[in-house]
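User: Could you take a close look at one part of this model for me? I'd like to hear about a helix packing and the aromatic rings around there.

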Amino acid sequence: MVDMETIVNLCKVRGFVFQSSEIYGGIGSSYDYGPLGVELKRNVKEAWWRDMVATRDDIVGLDSAIILNPKVWEASGHLEHFTDPLVDCKQCRQRFRADDIEGDRCPVCNGELTEPRQFNTMFKTFIGPVEDEASVAYLRPETCQGIFINFANILQASRKKLPFGVAQIGKSFRNEITPGNFIFRTREFEQMEMEYFVYPGTDEEWFDYWVNERFNWYVKYGIKKENLRLRQHSKEQLSHYSKATTDIEYNYPFGWAELEGIANRTDFDLTAHSKASGKDLTYFDDAKGEHITPYVIEPAAGADRATLVFLLDAYEVETFEKGGKKDKRTVLRFHKDIAPVKAAVMPLLRNRPDLVETAKKLAQDLQKAFPTIYDDTGSIGRLYRRQDEIGTLWCVTVDVQTVEEDNQVTIRDRDTMQQIRMPIEGVKRYLIEQLGKDC
Ligand code: GAP
């Protein structure tokens, strides 16, 4: 398995992810997505949105504000419960999450630790120019509360019948005590959450359905089954709102850890917001002729964490034979929908203007249909290696024969390294067909 250092280096060199504010020495666990990273993460989010919203008639979308009325966080229980137990080392002054530490001494210097105290991990800010208690607000620590407080609006506007869901992708913020492991745990991150409202009594069935759906979603996009597992939370581990939670865990280089959580939030949130706001957040059940408060099943995923998993799982160093010699390449075997670049077009000889012109023209044409790059900055072997390392699905090469004889180009497949030759005018249609194919 690839180690984190290798992935972090590849991400920097190839332009997936950079340390944020690097020229100023960085800032704790903040990252910027580079030219390829932004495409990769967008593909992850688009795949999620497509499967969770666009292709389903029981789920609608929402894009709510990041800064909500602070009463939201009082009612949701976050002001009281969204805390981590914090301990300080009396000797080296480092801070740790108490539940991350084995034993009762500092893991860095073996010094004495303070008693644990609860630290609220919501980011505080102030609305307006006066920084006093009355103007305190919070950056949302989860996207779903925006969904709960809009329940009546969405119900009225969409006329959905139970069971139905509301999905949202957006930034969340947590003042994590111990962020780390690259983009696995950061203080600013993107969530992809869906709240699925169901009849009470059917919640356990729907919970199983969503655990299954979400596990299979990762497999569908190429994550190896053996690197995924399910873990049920024990009673002590459950969040304050949850009746049952199952995590989809991934086998990261640093061990098994959460990738996504699916929770049965019962009617906790709708009831709490209804009580605190005095507004009706019930659903009228036509069949029974009564108002009910739906239960909620929530698959909550992280876009950054999923992006990391797609990178880790795609990474492979492959040895193979070429011309009787052993050769080696690094390849990111991204699923076709996840790969940030679909095709690269290159001239075999960069000092031949006719080859360059033909290749550039083809790249521009392909670009209109899917992300394509033109590259002539090295020998063909080096260009192939570079494209393999960023997971480009196909390399299309324009050679002398193309311009002088047959108007055909070579298409090399990333995974098999097999090459086929076809007329230049058929390339776009062929690649679109390949991209459209179900795997
Ligand atoms: N609304 C429920 C909720 O927020 P969570 O398990 O705390 O549940 C859901 O978060 C997902 O969000 C996690 O499985 C993870 O993928 C992502 N996530 C949470 N905290 C994160 C952090 N500090 N950095 C990156 N991703 C995070």
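Analyst: Here's a walk through one helix pair and then some aromatic pairs. Keep in mind that this is a predicted model.

Let's start with helix α2 (residues 35-54) and helix α7 (residues 203-220): their axes sit 12 Å apart and the packing angle is about 135 degrees. Angles over 145 count as roughly antiparallel and 65 to 115 as roughly perpendicular, so α2 ends up oblique to α7. As for handedness, α2 and α7 make a right-handed crossing. On the α2 side, V44, A47, W48, D51 and M52 make the contact, and α7 answers with W210, R214, W217 and K220. Sorted by type, the residues of this α2 and α7 contact come to six nonpolar, three charged and no polar.

Now for the rings. The count comes to 19 aromatic pairs. One of them joins Y196 and W206, a tilted pair with 5.0 Å centre to centre and 55 degrees between the planes. Y196 belongs to strand β10 (residues 188-198) while W206 is in helix α7, so this pair ties together parts that are 10 residues apart in sequence. Y196 has 1% relative accessibility, so it counts as buried.

Y252 and F254 give you a stacked pair, with 4.9 Å between centres and 10 degrees between the planes. Here the two partners fall into separate classes: Y252, at 1% relative accessibility, counts as buried, whereas F254, at 31%, counts as partly exposed.

There's also an aromatic cluster to look at, formed by F148, F151, F164 and F197.

Technical notes
Residues numbered from 1 in each chain as written. Predicted model: local features only at pLDDT ≥ 70, side-chain atom pairs only at ≥ 80, totals over all residues. Heavy atoms only, no water. Axes fitted to C-alpha atoms, helices over the stretch in contact; angles between N-to-C directions. Helix = DSSP H or I, 4+ residues; strand = E, 2+ residues; numbered from the N terminus. Parallel < 35°, antiparallel > 145°, perpendicular 65-115°, else oblique. Left-handed = near helix turned anticlockwise from the far one by under 90°. Contact = heavy atoms within 4.5 Å. Nonpolar A, V, L, I, M, F, W, Y, C, P; charged D, E, K, R; others polar. Phe/Tyr/Trp six-rings, centres within 6.5 Å; stacked < 30°, edge-to-face > 60°. Buried < 20%, exposed > 50% of the residue type's maximum accessible area, 1.4 Å probe, protein only.
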